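User: I would like to understand how the descriptions of this chain are justified. Could you take me through them one by one?

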Amino acid sequence: MIEMITRRQLEAEVDDWHGAMCVTCGRPFPRRDVRYSQCLVCRKVGQGGKIGLNDKIYLWFQKKLMVAVDKMAAQQKDPPESALWWLQRLESVQAELVATQQELDRVKEDASWVRGRMVAIAEERRQAREAAIPPLSTDMVRKMLFLCHPDRHDGSEKAAEVTKILLKMRGK
Ligand SMILES: [Zn+2]
């Protein structure tokens with residue numbers, strides 16, 4: 001009785017096999033047993049075994065696979081040394097430089113704004129200082145007393161009044 005097997009079951013079975021390189025022909029082969037170091041074709045040829053259609057089909061796929069493996073290896077080796085790779089690298093470095101320059105310009109702009117703001121604040125403070133009425137010094141009160149003395153103003157009542165306040169301010 002023939003046991004029916006599905007394609008899915010077959011694929012699941014071969015999925016567990018590891019790939020290896022045949023020590024004789026150097027081509028990839030499914031290594032379903034770690035004891036095997038040669039591909040099926042090399043093993044059969046070496047042992048003088050009978051080569052059937054299945055072996056030839058195996059060989060055909062093996063050669064196709066080898067071409068694909070070679071192509072992949074060439075692609076992996078190529079990019080880093082290729083002119084295109086260097087061009088892309090150069091472009092990315094240039095882009096980084098542009099971004100850095102833009103960042104620098106922004107920082108400069110910020111710095112100049114801060115400088116302008118500081119100058120404006122200093123000016124505002126200077127104007128505020130100028131606008132503020134300075135406290136009367138003793139010396140100034142003395143000068144005011146000299147100028148306001150009633151004797152200088154024909155004994156004016158107003159002069160007497162101001163002099164009284166100024167004397168209080170002088171602390172007498
Ligand atoms: Zn082989």
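Analyst: The chain has six helices and two strands, where helices (H or I, at least four residues) and strands (E, at least two) are DSSP runs numbered from the N terminus. This is a predicted model, in which local features need pLDDT of at least 70 and side-chain atom pairs count only at pLDDT 80 or more, while totals for chains, interfaces and linings use all residues. Residues are numbered from 1 along each chain as its sequence is written.

User: What makes the chain more spread out than a compact globule?

Analyst: The globule rule, 2.2 Å times the number of residues to the power 0.38, is set against the radius of gyration, taken over C-alpha atoms. For 172 residues the rule gives 16 Å, whereas the chain has 51 Å, well over that value, so the chain is more spread out than a compact globule. Along the principal axes, its C-alpha atoms fill a box of roughly 150 × 45 × 25 Å.

User: How many of the residues are buried, as a percentage?

Analyst: A residue is buried if 20 or more other C-beta atoms, placed from the backbone, lie within 10 Å of its own, and 3% of the 172 residues meet this.

User: How do you know that the span of helix α6 agrees with its number of residues?

Analyst: The expected span is 1.5 Å times one less than the number of residues. Helix α6 (residues 157-170) has 14 residues and should therefore span 20 Å, and its end C-alpha atoms are 20 Å apart, which agrees. After α6 comes Gly 171, with a positive phi near 90°.

Methods. A residue is buried if 20 or more other C-beta atoms lie within 10 Å of its own, exposed if 12 or fewer, and partly exposed in between; C-beta atoms are placed from the backbone.
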